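Student: Could you take me closely through the nonpolar interior of this protein, and set it against the chain as a whole?

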Amino acid sequence: MKDRNVLLTAINAKYIHSNLAVYSLKANAGPYAGRVEIAEYTINHRREEILQGIYDHSPAVVGFSCYIWNIGYVLDVAADLRSILPDTVIVLGGPEVSYDAPAVLQRNPFVDIVMVGEGEETFREFLECFFDRGGGIEQYRQIPGLCLRKAKCGESAAKVFFTEPRQVLPMDQLVFPYTDVKGLENRILYYETMRGCPFSCSYCLSSVEKGVRQRSLPLVFEELQFFLTNRVKQVKFVDRTFNCHHEHAYRIWQYIGEHDNGTTNFHFEIGGDLLREEDIQLFRTFRPGLVQFEIGVQSTNPDTIRAIRRQMDLKKLEDNLSKVRKNHNIHQHLDLIAGLPHEDLASFCQSFRDVYAMEPDQLQLGFLKILKGSYMQEMAGEYGIRYGNRPPYEVLSTRWMSYDDIRILKRVEEMVEIYYNSFQFQATMKLLELCHSDAFTMFERLADYYEREGGFDRKHSRIARYEWLWQYSREYFEEREEQFRQTLTFDLYLREYVKSPPAFVRMREKEYVRFVRAFLDREAAGPEILRGYGGYEAKQLFHMVYVDEFTLDLKGLFEEKQVRQTAPYSLVFDYKHRNPLNHSAKVTVLHR
């Protein structure tokens with residue numbers, strides 16, 4: 001067995017994610033940091049793999065970071081770990097256990113300790129006690145921020161108690177969590193410059209802590225430079241409502257713009273209505289893909305907004321998002337939450353239409369989760385909210401929305417994910433909008449078609465999703481068959497060269513193929529359009545780029561939502577040069 005080592009374990013939702021909590025705990029462990037190891041897994045690992053991985057570390061202490069998406073895995077692994085490493089101290093922390101700590105200990109006799117709230121200082125003091133003072137209940141009870149048993153671990157009926165509450169740390173006292181990026185090269189790195197939130201949204205745990213603490217800007221700039229120097233692919237700020245303090249946000253955005261390395265993307269959760277004109281002017285100078293925004297709209301129903309204690313200027317939000325969108329350089333992701341108070345199905349449909357009309361790059365249709373410790377949990381009875389009794393505690397019905405309504409929205413959510421958020425059907429969805437009275441009806445009818453044909457019962461390849469949309473359009477909009485054929489062909493090849501195209505793609509006639517080959521001959525001899533393909537012969541280029549003829553005015557379709565017939569023109573799909581926001585191929589018009 002290793003010399004009383006400590007293992008911090010994270011079970012993430014996906015491999016691309018990293019866990020800021022465990023890195024921050026290790027970085028802030030003071031003189032004990034060298035005795036702390038980190039092990040990261042995902043919920044896609046088999047529980048046996050996680051158990052074996054932890055066992056191989058032979059930890060004297062193992063700590064788990066607990067969230068709604070991994071708590072089941074954590075408890076299963078921890079229970080088995082108690083059997084094979086009976087002397088190991090098992091510690092839980094994180095939002096899923098902080099607000100229910102006594103019940104967690106009483107229900108799970110294999111857990112020794114729950115760390116409540118912010119853990120950096122608590123964890124360091126715990127390590128001091130464990131390594132230097134022998135550990136034990138009497139020693140641990142002197143450490144603020146813990147929930148303990150009064151008797152030894154394993155006695156599930158034993159009473160539990162809290163130690164003194166832990167006072168929060170000033171942000172500048174926290175040690176930067178990253179020393180290098182080894183092992184994290186292809187993953188999202190999470191970062192925070194503030195804790196707390198000035199708002200009190202009833203469904204969010206950030207509202208529990210009053211006030212906002214910020215990290216001083218000189219420290220932030222130094223840490224941002226670490227990400228930029230190491231050319232990290234994406235840095236995701238976990239700050240809630242990042243721009244709640246304008247000067248703090250503006251100067252960070254300014255630094256990122258001035259020190260752009262051409263690679264790193266920065267993700268921010270912002271209040272869209274809080275943006276100012278000087279922010280928008282600054283954004284115009286940004287490289288496409290430098291930053292992206294996630295904006296929680298949640299609902300456009302005024303009664304709902306008031307009930308969830310949210311503040312939002314909807315008109316200002318629309319105006320600001322429109323200004324940002326016109327620059328075509330920042331990805332905007334908007335969120336809606338189904339199951340909020342005072343929102344029935346009709347009201348939610350209107351909220352969906354309102355947000356869809358803002359033309360977000362992605363629209364996240366989420367469902368209310370009743371988080372432990374939130375005000376929404378307190379109000380669940382009054383609102384008639386029924387929700388799952390296991391994580392993620394998702395809404396099943398409310399006074400205003402039945403379970404049947406929720407099921408409708410679940411099917412619509414899947415259609416939105418496949419046909420809107422994937423960026424794979426941009427032209428076709430614009431055309432489909434013209435065929436329906438509104439956006440929600442469009443997705444609802446598409447979901448009904450999937451349901452009728454058994455489409456929800458199995459997984460589909462990328463090509464199959466195009467074919468489903470082709471069949472749907474032919475059944476309901478036969479008069480527009482040729483238009484859908486062209487938009488689907490455009491969308492298909494906008495993503496990648498398809499060697500075995502589906503049935504809706506017309507075979508290129510021999511005369512047209514000769515035209516394409518002549519174009520590629522010219523490009524191989526002296527590139528004018530296909531720059532970056534130097535050294536390739538025409539026959540090689542034929543399988544590297546795609547050229548096809550269209551009569552549909554796709555430019556008009558995108559910008560004016562009109563379909564006009566024009567003289568035939570060709571489009572060249574260049575896969576070496578892609579849009580950094582949606583990864584679509586560069587498209588160039590080639591007139592015959």
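Tutor: What follows starts with the model and the whole chain and then turns to the interior.

This is a predicted model, in which local features need pLDDT of at least 70 and side-chain atom pairs count only at pLDDT 80 or more, while totals for chains, interfaces and linings use all residues. Residues are numbered from 1 along each chain as its sequence is written, and side-chain values use heavy atoms, with hydrogens and water left out.

The protein chain holds 22 helices and 20 strands, where helices (H or I, at least four residues) and strands (E, at least two) are DSSP runs numbered from the N terminus. Its radius of gyration, taken over C-alpha atoms, is 27 Å, close to the 25 Å that the globule rule (2.2 Å times the number of residues to the power 0.38) gives for 592 residues, so the chain is as compact as a globular protein of that length. Of those 592 residues, 55% count as buried, meaning under 20% relative accessible area, with exposed being over 50% and partly exposed in between (1.4 Å probe, protein chains only).

In soluble globular proteins, nonpolar side chains tend to be buried together. A nonpolar core is here a set of buried Ala, Val, Leu, Ile, Met, Phe, Trp, Tyr and Cys residues joined through side-chain atoms within 4.5 Å. The largest such core has 161 residues, and among them L224 and W253 touch the most other members. Helix α17, residues 439-453, gives the most to this core, with 8 residues. Once neighbours within four places in sequence are set aside, the residues in contact with W253 (heavy atoms within 4.5 Å) include F242, F268, I270, L282, F283, F286 and F293, together with N243 and D279. A second, separate core of 28 residues includes L81, A101, V104 and V114.

Another buried position worth following is V547, which is found in strand β18, residues 546-552. V547 counts as buried because its relative accessibility is 1%. Leaving aside neighbours within four places in sequence, V547 is in contact with R508, Y512, V516, F519, S570, L571, V572 and L590.

As for cysteines, the count comes to 0 disulfides, a disulfide being a pair of cysteine sulfur atoms within 2.5 Å. C244 is in no disulfide, and the nearest cysteine sulfur, that of C197, is 6.3 Å away. For C349, also in no disulfide, the nearest cysteine sulfur belongs to C435 and is 20 Å away; at 9% relative accessibility, C349 counts as buried.
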